[in-house]
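Colleague: Could you take me through one part of this model in detail, namely the metal site and the residues that hold it? I would also like a short word on the charged pairs elsewhere.

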Amino acid sequence: MSDLFAYDREREKKSAAKVRALEALLIEKGVIGSDSVDAVLSHFESVAGPFNGARLVARAWRDPAFKQRLIDDTPAAIAEMDFPQGMDGAEGEHMKAVANEPGVHNLVICTLCSCYPWPILGLPPYWYKDPVFRARGVREPRAVLREFGVSLSDETQVRVWDSSAQIRWFVVPDRPAGTEDLTEDELVALVTPESLMGVALARSAQRPA
Ligand code: FE
């Protein structure tokens, strides 16, 4: 990973301290309740998060017809899942899936800010908001992908999708080889948040000993 992506080592600790101070102040002023922050955290731990995206992909891998519906009409395909209610709410109104295929790799960025499909991926990580990532992702996607550990052949076309408030993209990564016998739950474990944004491939299957 290039130094351009480096962050202050203390960043998490400093952010956490700021958040605690702000939360205490907002509670003291009566703006939020004492359990408001916990309720939001719990939402992103159990309702909206990358575990939903991973289930969509695992199902798409096992069911080509579902995969086609996911590409053609993403909200309708998502509505087929038994996801929690309210999945089409904040930051999830206009989601669109795009699938990797032989010779084509997809990468999602938001050049303007940090638009991200919250219901199926949760909150965006630091690197996704990084101005350098956002600029270089468009100008030299192959170099950026290499830094993330994704080496593509020269013949592979890279398609970069710019998420916005109008469309929030996510990637259906390729199904790794040798996963024909895996259960849906085992497939879910191979789908990382990074693979859903195109900065990684899905994990390889663990070979049985
Ligand atoms: Fe944005």
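Modeller: Along the chain, the donors of the iron ion follow the spacing C-x2-C-x1-C, and please keep in mind that this is a predicted model. The protein donors are C110 (SG), C113 (SG), C115 (N) and C115 (SG), which lie 2.1 to 2.6 Å from the iron ion, so that C115 is listed with both its N and its SG atom. The angles among the four donor atoms run from 80 to 130°, and the site is irregular; a tetrahedral label would need all angles to lie between 85 and 135 degrees, and therefore the lower end of that range rules it out.

The cysteines of the site can also be described by their accessibility: C110 counts as buried because its relative accessibility is 0%, and C115, at 10%, counts as buried too, whereas C113, at 33%, counts as partly exposed. A search of the whole structure finds zero disulfides.

Turning to the charged pairs, a search of the whole structure finds eight salt bridges. One of them joins E80 and R69, with the closest N and O atoms 2.7 Å apart; because E80 lies in helix α5 (residues 74–80) and R69 in helix α4 (residues 64–72), this pair ties together parts that are eleven residues apart in sequence. R59 is linked with R69 and E80 in a network of salt bridges. In another pair, the side chains of R136 and E140 meet at 2.5 Å, N to O, where R136 is buried at a relative accessible area of 8% and E140 is partly exposed at 34%.

Methods
Residues are numbered from 1 along each chain as its sequence is written. This is a predicted model: local features need pLDDT of at least 70, side-chain atom pairs count only at pLDDT 80 or more; totals for chains, interfaces and linings use all residues. Side-chain values use heavy atoms; hydrogens and water are left out. Donors are N, O and S atoms within 2.8 Å of the metal (3.2 Å for Na, K and Ca); water is not among the atoms, so sites may look incomplete. Four donors count as tetrahedral if all angles lie between 85 and 135 degrees; four count as square planar and six as octahedral if opposite donors are over 155 degrees apart and all others between 65 and 115; anything else is irregular. Buried means under 20% relative accessible area, exposed over 50%, partly exposed in between (1.4 Å probe, protein chains only). A disulfide is a pair of cysteine sulfur atoms within 2.5 Å. A salt bridge is a side-chain nitrogen of Lys or Arg within 4 Å of a carboxyl oxygen of Asp or Glu. Helices (H or I, at least four residues) and strands (E, at least two) are DSSP runs, numbered from the N terminus.
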